Amino acid sequence: MAYIVGGAGVSHSPQLSIEPGGWRAHGDLEQPHLKELNLPSSPRTPEELAREIEFRQMEARHQACQEALERTRDELLEMKPDVLLVVGDDQRELFLDDIMPAVAIFRGESLDDRPPGMEVYPKTMESAYEYYHAGEEETYRTVPELGQHLVEHLVENGFDIAQFSEQPTGRSLGHAFTFIYRRLFEGLPRLPLAPIMLNTYYPPNQPTPRRCVELGQGLRAAIESWDSDLRVALIASGGLTHPIIDEGLDRGLLSALERHDHEALAQIPVAGLTEGSSEIRNWIVVGAALEDATAKVVDYIPAYRSTVGSGCGMGFLTWTRSL
């Protein structure tokens, strides 16, 4: 049977690849959009937020993020995985309004990064673009046997799973998946990808936190029943809270993951899982799948970039299973 070696949760925010001097510019650019979204105000006071966006503070936060990325990568490499099963969201990259599945599993031979071009991103993200997309089309090798097995096992056990084996014309593998290879494992040989795609962003069919717990448990059983000797690492890509940082929600999530408190995870209020914060669902799935692993927070860095409390709660957590 396949063996789950452990895994990790990692943020994929562009701020990880933008120098701290550019954080303020990115935050200033987004503020008109934030007003349109009508998001809750930051729990931080104006005085606290002013201190958070002083250059020295942002520089320290940026450095802490780089160190956390490196430690997370190193711990994953020590697990010696053969396959990366990445749970991520699709932000209108592979799926549009013609079909927006709650949970989708790919069972084909490969998926392509079809770069959209820097012009679709804000100018402030220019230095981060290369960590989301290549300069030209690139192919990611996938694991069709595992994809097929996951679909069959999950359906047999009560999950309604969307599946596909051909990439939609003109659409690209999403940045939640490419980031893992282009930034977290930058410059290293690419392991095969097994993508699990959640609709975290778009109403009305986002999985609830409780369903994410159940899906994680179902994935665990499916992987371990796969007739293979491959070593599988699970990765939750994205989050934590953004564009408005809620440190209380982030720290509560990380604590529940470390304690393997599935009931606390299942009861996270859906109202707090909007916009980028919705990617917390990916972490819940992986945490539930790794319920017997040792969970350790590598670091949590609230990376603010504006006086309205926008930024990204950068989370880094690893799960290690003893052999």
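## A buried glutamate in helix α3

At 18% relative accessibility, glutamate 75 counts as buried, because the limit for that class is under 20% relative accessible area. The model in which this residue is described is a predicted one.

Glutamate 75 shares a salt bridge with lysine 296, with a distance of 2.8 Å from N to O between the two side chains. The contact joins distant parts of the chain: glutamate 75 belongs to helix α3 (residues 55-78) and lysine 296 to strand β9, 221 residues apart. Lysine 296 has a relative accessibility of 39% and therefore counts as partly exposed.

## The sheet

Strand β9, which carries lysine 296, is part of an open sheet of 8 strands with mixed pairing. The strand order is β6-β3-β7-β2-β8-β1-β10-β9. The edges are formed by β6 (162-164) and β9 (294-304), each of which pairs on one side only. On average, neighbouring strands of this sheet are turned by 20° against each other, direction ignored.

## Strand β10 and its two neighbours

In the strand order, β10 stands between β1 and β9. Of the 10 residues of β10, 9 are buried, so the strand is largely enclosed by the rest of the structure.

On one side, strand β10 (residues 311-320) pairs with strand β1 (residues 3-10) in the antiparallel sense, over 5 bridges. Within this pairing, glycine 6 is placed opposite threonine 320 of β10, and glycine 9 is placed opposite leucine 317 of β10.

On the other side, β10 pairs with β9, again in the antiparallel sense, over 10 bridges. Here tyrosine 300 faces glycine 315 of β10. The hairpin of β9 and β10 has 6 residues between the strands, and glycine 309 takes a positive phi near 90° in this hairpin. Helix α8 (residues 247-259) lies across both β9 and β10, and the helix runs at about 170° to β9.

## Salt bridges involving helix α7

The structure holds 21 salt bridges in total. Among them is a pair within helix α7 (residues 209-224), where glutamate 214 and arginine 211 lie 3 residues apart, about one turn of the helix. The closest N and O atoms of glutamate 214 and arginine 211 are 2.8 Å apart. Glutamate 214 has a relative accessible area of 31% and is therefore partly exposed; arginine 211, with 32%, is also partly exposed.

Helix α7 also contributes glutamate 224 to a salt bridge with arginine 321, a residue in the segment after β10. The side chains of arginine 321 and glutamate 224 meet at 3.3 Å, N to O. This pair likewise links distant parts of the chain, the two residues being 97 residues apart. Arginine 321 is buried, with a relative accessible area of 13%, whereas glutamate 224 is partly exposed, with 24%.

## A shared network

Beyond these pairs, salt bridges that share partners join Arg44, Glu52, Arg61, Glu247 and Arg251 into one network. Two members of this network, Glu247 and Arg251, fall within the range of helix α8 (residues 247-259), the helix that lies across β9 and β10.

Definitions and conventions
Residues are numbered from 1 along each chain as its sequence is written. This is a predicted model: local features need pLDDT of at least 70, side-chain atom pairs count only at pLDDT 80 or more; totals for chains, interfaces and linings use all residues. Side-chain values use heavy atoms; hydrogens and water are left out. Two strands pair if DSSP finds at least two bridges between them. Helices (H or I, at least four residues) and strands (E, at least two) are DSSP runs, numbered from the N terminus. Axes are lines fitted to C-alpha atoms, for helices over the stretch in contact, and angles run from 0 to 180 degrees between N-to-C directions. Contact means heavy atoms within 4.5 Å. Buried means under 20% relative accessible area, exposed over 50%, partly exposed in between (1.4 Å probe, protein chains only). A salt bridge is a side-chain nitrogen of Lys or Arg within 4 Å of a carboxyl oxygen of Asp or Glu.
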